[in-house]
Amino acid sequence: MSGDRIPVMIPWLGEEEAQAAADAVLSGWVAQGPRVAAFERAFAERVGAEHGIAVSSCTTALHLALVVLGLGPGDEVVVPSLSFIATANAVRYVGAEPVFADVETATGNLTAATVDAVRTPRTRAVLAVHQGGVPADVDSLRAACADWDLPLVEDAACGIGATVGGKSVGHGALIAAWSFHPRKVITTGEGGMVTTDDAEWAERLGRLREHGMNASAAARHASRQPILESYLEVGYNYRMTDIQAAVGLVQLGRLDEIVTRRRALAARYAELLADVPGLTPVGDPAYGEANFQSYWVLPDQDFPASRDQLLSALAEAGVSARRGIMASHLEPAYQGHPSAPLPVTERISRDSLILPLFHTMTEDQQDRVVAVLRQQAAAG
Ligand SMILES: *Cc1c(COP(=O)(O)O)cnc(C)c1O
């Protein structure tokens, strides 16, 4: 083992975030307040949406998106199995049924064709993921969903900073859900956001995350007259804190720099891996640019080492890699849940691995990762 351990991901946080969090604490306003409102405005503007509603995670963002769409028992929602399990679970939260669709190999994303293959008369929505920061082909998915008269929800947990046709992921989305978990491109510790252009949905989302209350704490604070709130429907406590939003505002300011760095590291990986036979790295799709939130490689079926052998060899060399994106339908939580055959999903999930990629990663660290893979490719 040479050199320090290389992590798969470290968030890029510094003094500015620490100071912003400290300022929020010292202001005395630590729960949802002015910093959350400022973060919502800045984030919505950055992705080109009319409204941003900050919540506690992408999981809760997805839940609320499905609530405002009015989905419930008896409804089917087409989702990729190849995703973090929260995508499918959100459908279960509203009592609807996730229907797993396969993905395309190159991007790991749903396509109009894979959705069409599992669509039924009970399908009420499509939930597409921008997997690992590789944008889904939303132009074609939106057009297909319009033809089918189905709403398209976008799970953009990994998507901030990725683009389609030069525009941010989320631009033009009916409704999109975002994550600020430390494993994603920018972080608030835990945190999420819903973006939409629909003003009525935005208002309802703002209430739903706050127990269904019609007057926010901020509105009551700003008013000179007592505001008597009422609770219009059963809501949730899915709020983000002002401490998190303060960190998020600083992180958002670093987004371009972070994505530029990730793309440069991804391009260098692609160059280095070009002469390792049998490994196909993820890359930009024809219609957009990835942020490389997850940098995965897919070994050929006859690669001399199995995925788990690759992970072990990397671990022995002090490199922390990860199995590729999970296949939700294979988890115990979905045992017995009916599913069409998902050959591409199972192949990617079984064989792919995620390599380290983080803002402060050095070329030397990258060379060490590739050296292990090259050695394994030659071992056969
Ligand atoms: C991380 C992730 C989520 C969950 O995000 P949280 O903010 O941790 O709830 C949902 N969907 C996808 C595709 C993710 O990668």
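This report walks through a few local features of the structure: a small set of strands, a surface patch, a buried threonine and several salt bridges.

## Before you start

Keep in mind that what you're looking at is a predicted model.

## A sheet of three strands

Let's begin with the strands. Three of them line up in an open sheet, in the order β7-β6-β11, and the pairing is antiparallel. The edges belong to β7 (167-168) and β11 (288-289); each has a single partner strand, so one side of each has no neighbour in the sheet. As general background, strands in a sheet pair through backbone hydrogen bonds, in either a parallel or an antiparallel way.

Now zoom in on β6, which covers residues 163-164 and pairs with β7 over 2 bridges, in the antiparallel sense. If you want a spot to look for, find Thr163: Ser168 in β7 stands opposite.

## A nonpolar patch on the surface

Over on the surface, Val25, Leu26 and Val30 make up a nonpolar patch. Together these residues have about 280 Å² of accessible area.

Take Val30 as an example. You'll find Val30 in the loop between α1 (15-27) and α2 (34-47). With a relative accessibility of 35%, Val30 counts as partly exposed, because that value falls between the 20% and 50% cut-offs.

## Thr60, a buried residue

Next up is Thr60, which sits in helix α3 (residues 58-68). Its relative accessible area is 10%, and since buried means under 20%, Thr60 is buried.

What does Thr60 touch? The side chain of Thr60 is joined to that of Ser56 by a polar contact of 3.0 Å. Setting aside neighbours within four places in sequence, Thr60 is also in contact with Val55 and Tyr238.

## Salt bridges across the chain

How many salt bridges does the structure hold? There are 20. One of them brings together the side chains of Glu233 and Arg204, at 2.8 Å from N to O. This pair ties distant parts of the chain together: Glu233 is in the loop between α8 (217-222) and α9 (242-253), while Arg204 is in helix α7 (residues 199-208), and the two are 29 residues apart. Glu233 has a relative accessibility of 25% and counts as partly exposed. Arg204 is partly exposed too, at 25%.

Another salt bridge joins the side chains of Glu363 and Arg268, with 3.6 Å from N to O. Here as well, the link runs between distant parts of the chain, with Glu363 in helix α13 (residues 363-378) and Arg268 in helix α10 (residues 255-273), 95 residues apart. Are these two partners buried or exposed? Glu363 is partly exposed, with a relative accessible area of 49%, whereas Arg268 is buried, at 17%.

## One more pair, and a network

Glu331 and Arg323 form a salt bridge as well, and their closest N and O atoms are 3.8 Å apart. Glu331 has a relative accessible area of 23%, which makes this residue partly exposed. Arg323, at 41% relative accessibility, also counts as partly exposed.

Finally, some salt bridges share partners, and in this way Glu16, Glu17 and Arg254 are joined into one network.

Methods. Residues are numbered from 1 along each chain as its sequence is written. This is a predicted model: local features need pLDDT of at least 70, side-chain atom pairs count only at pLDDT 80 or more; totals for chains, interfaces and linings use all residues. Side-chain values use heavy atoms; hydrogens and water are left out. Two strands pair if DSSP finds at least two bridges between them. Helices (H or I, at least four residues) and strands (E, at least two) are DSSP runs, numbered from the N terminus. Patches are made of residues with over 30% relative accessible area and no salt bridge: like charges are joined within 9 Å, nonpolar side chains (Val, Leu, Ile, Met, Phe, Trp, Tyr) within 5 Å. Accessible areas come from the Shrake-Rupley method with a 1.4 Å probe; for residues, only the protein chains shown count as cover. A salt bridge is a side-chain nitrogen of Lys or Arg within 4 Å of a carboxyl oxygen of Asp or Glu. Buried means under 20% relative accessible area, exposed over 50%, partly exposed in between (1.4 Å probe, protein chains only). A polar contact is a pair of N or O atoms within 3.5 Å; within protein, one must be able to donate a hydrogen and the other to accept it, and residues adjacent in sequence count only if both atoms are side-chain atoms. Contact means heavy atoms within 4.5 Å.
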